[in-house]
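Subject: Structure for your review

Dear colleague,

I am handing over the structure below, together with a description of what was found in it. Please read the description alongside the coordinates.

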Amino acid sequence: MSAVLRELLRVSEKAANIARACRQQEALFQLLIEEKKDGEKNKKFAVDFKTLADVLVQEVIKQNMENKFPGLGKKILGEESNEFTNELGEKIILRLCPTEEETVELLSKVLNGNKLASEALAKVVHQDVTLTDPTLDSVEINIPQDILGIWVDPIDSTYQYIKGSTDIKSNEGIFPSGLQCVTILIGVYDLHTGVPLMGVINQPFVSQDLNTLRWRGRCYWGLSYLGTNVHSLQCAGPAGSSGEPQAAGGSGPEAGQPRGLSAVISTSEAATVKAAVGRVCGERVFPAAGAGYKGLCVVQGLADIYIFSEDTTFKWDCCAAHAILRAMGGGVADLQGCLRAGPGAGLEPPQLRYHTANRGAAGAERWANKGGLLAYRSRERLDAFLGLLIPSLAAMGTPT
């Protein structure tokens with residue numbers, strides 16, 4: 001059902017417009033921060049934030065998909081709760097209303113009567129958006145709607161979104177922090193097997209017009225189903241590949257010359273793992289914010305590997321990138337499972353699955369990637385990486 005992917009592409013751009021609109025109105029943005037409840041907190045951060053933009057994006061995606069594909073909205077799960085508490089202590093369930101006027105009225109309750117802010121947001125929410133890709137338009141594939149589940153991370157790297165840094169320099173195309181690390185993630189998976197089928201990553205803040213200070217974004221997508229594999233980086237198009245960065249494997253001026261392995265890692269990665277990865281990749285280890293952005297770096301070919309050893313990423317963080325990487329011949333595997341199996345065993349790396357919760361866990365922990373993760377675009381590069389990483393970890397006395 002490529003029609004589902006086409007609609008996800010469109011709603012991701014509508015979501016990106018909301019994210020940009022909220023971020024570009026500083027006075028409004030200060031009103032939008034609300035601390036997450038204990039059950040929803042990501043334990044990696046001392047303070048985690050929920051923004052109105054986050055919740056609006058999630059609800060817009062849900063409602064638009066339900067309108068176009070009845071029944072599908074109920075199968076969309078996300079990181080954010082849509083319950084807000086305003087200054088009067090009123091609890092408000094945020095949803096997308098049928099009309100712009102009704103949405104203004106609801107947003108006014110969340111924003112403590114701020115009519116101007118509510119009107120500005122409602123206008124963006126109800127604005128029609130068109131985003132197409134000729135590559136996707138040529139694809140016709142039938143996937144039964146009743147097997148589809150969808151994970152949404154409405155604004156991944158919320159901290160970077162709130163901080164809003166615009167002057168961060170990239171290192172070989174990879175931004176360590178800043179608005180470029182913000183992504184909107186939509187991953188579609190098989191409800192029965194947990195296999196990722198379709199993915200959309202929208203990067204709302206790619207380049208800024210220095211005259212207007214307005215941001216332009218970029219969108220990436222992939223589809224992998226029953227032998228059909230197609231993605232947005234196969235040819236240039238408006239949905240993602242124009243002006244793409246050069247691949248880590250050597251597609252630039254040094255093409256044909258062997259290049260060392262590269263990895264993108266979390267700034268909070270364990271010191272022993274960071275050191276072991278440094279022994280494997282040398283100077284080509286790139287710390288970066290945002291699980292979605294790090295997955296995107298592998299999709300773009302800026303890094304061979306995204307490795308994270310902790311259990312503080314979740315299904316919504318990686319389902320979208322996983323689907324795109326599958327379409328490219330790569331994947332997202334369970335790190336601990338890979339370390340146990342070792343490289344070149346002739347077996348498929350133990351891929352993450354997206355349909356079952358962790359037993360005995362509560363809240364967000366039900367959907368945590370307990371064994372860490374390892375994202376890769378090339379199986380050959382993955383085997384080479386593991387072949388060096390495992391003895392490096394062993395030499396440092398780290399159990400694998």
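In β7, Asp-190 is the bridge partner of Leu-148. Please keep in mind throughout that this is a predicted model. The pairing to which that bridge belongs joins β6 and β7 in the antiparallel sense, over seven bridges. Strand β6, which covers residues 148-156, is largely enclosed by the rest of the structure, because nine of its nine residues are buried. Strand β6 also pairs with strand β3 (residues 76-78), here in the parallel sense and over three bridges, and within that pairing Leu-77 has Trp-151 in β6 as its bridge partner.

A second group of strands is built around β9, which runs over residues 215-225 and is mostly covered, with eight of its 11 residues buried. Strand β8 (residues 196-208) pairs with β9 in the antiparallel sense over eight bridges, and Met-198 stands opposite Leu-223 in β9. The two strands β8 and β9 form a hairpin with six residues between them, and in that turn Leu-213 has a positive phi of about 65 degrees.

Strand β9 pairs with strand β10 (residues 228-231) as well, again in the antiparallel sense, and this pairing extends over four bridges. The bridge partner of Gly-222 is His-231 in β10. The hairpin of β9 and β10 has two residues between the strands, and the loop between these strands is where Leu-226 is found. Although Leu-226 is not a glycine, its phi is positive, at about 45 degrees. Is Leu-226 buried or exposed? With a relative accessible area of 73%, Leu-226 is exposed, because the cut-off for that class is a relative accessible area over 50%.

Another backbone angle that you may wish to look at belongs to Glu-172, a residue other than glycine whose phi is positive, near 55 degrees. Glu-172 lies in the loop between α7 and β7, the latter being residues 183-190. The relative accessibility of Glu-172 is 44%, and Glu-172 therefore counts as partly exposed, since that class lies between the buried limit of under 20% and the exposed limit of over 50%.

Helix α7 itself covers residues 158-163, and Thr-158 has its place in this helix. Thr-158 counts as buried, because its relative accessibility is 9% and the cut-off for buried is under 20%. Thr-158 and Val-182 are 24 residues apart along the chain, while their C-alpha atoms are separated by 7.2 Å.

The last item concerns charge on the surface, where Glu-100, Glu-101, Glu-102 and Glu-105 gather in a patch of negative charge. One of these residues, Glu-105, lies in helix α4, which covers residues 100-110. Glu-105 has a relative accessible area of 53% and is therefore exposed.

For a quick inspection, the following places may serve as starting points:

- Leu-148 and Asp-190, as bridge partners in the pairing of β6 and β7.
- Leu-226, with its positive phi of about 45 degrees.
- Thr-158 and Val-182, with C-alpha atoms separated by 7.2 Å.
- The patch of negative charge that Glu-100, Glu-101, Glu-102 and Glu-105 form on the surface.

With kind regards

Technical notes:
Residues are numbered from 1 along each chain as its sequence is written. This is a predicted model: local features need pLDDT of at least 70, side-chain atom pairs count only at pLDDT 80 or more; totals for chains, interfaces and linings use all residues. Side-chain values use heavy atoms; hydrogens and water are left out. Patches are made of residues with over 30% relative accessible area and no salt bridge: like charges are joined within 9 Å, nonpolar side chains (Val, Leu, Ile, Met, Phe, Trp, Tyr) within 5 Å. Accessible areas come from the Shrake-Rupley method with a 1.4 Å probe; for residues, only the protein chains shown count as cover. A salt bridge is a side-chain nitrogen of Lys or Arg within 4 Å of a carboxyl oxygen of Asp or Glu. Lys and Arg count as positive and Asp and Glu as negative; His and the chain ends are not counted. The place of a charge is taken as NZ of Lys, CZ of Arg, CG of Asp or CD of Glu. Buried means under 20% relative accessible area, exposed over 50%, partly exposed in between (1.4 Å probe, protein chains only). Two strands pair if DSSP finds at least two bridges between them.
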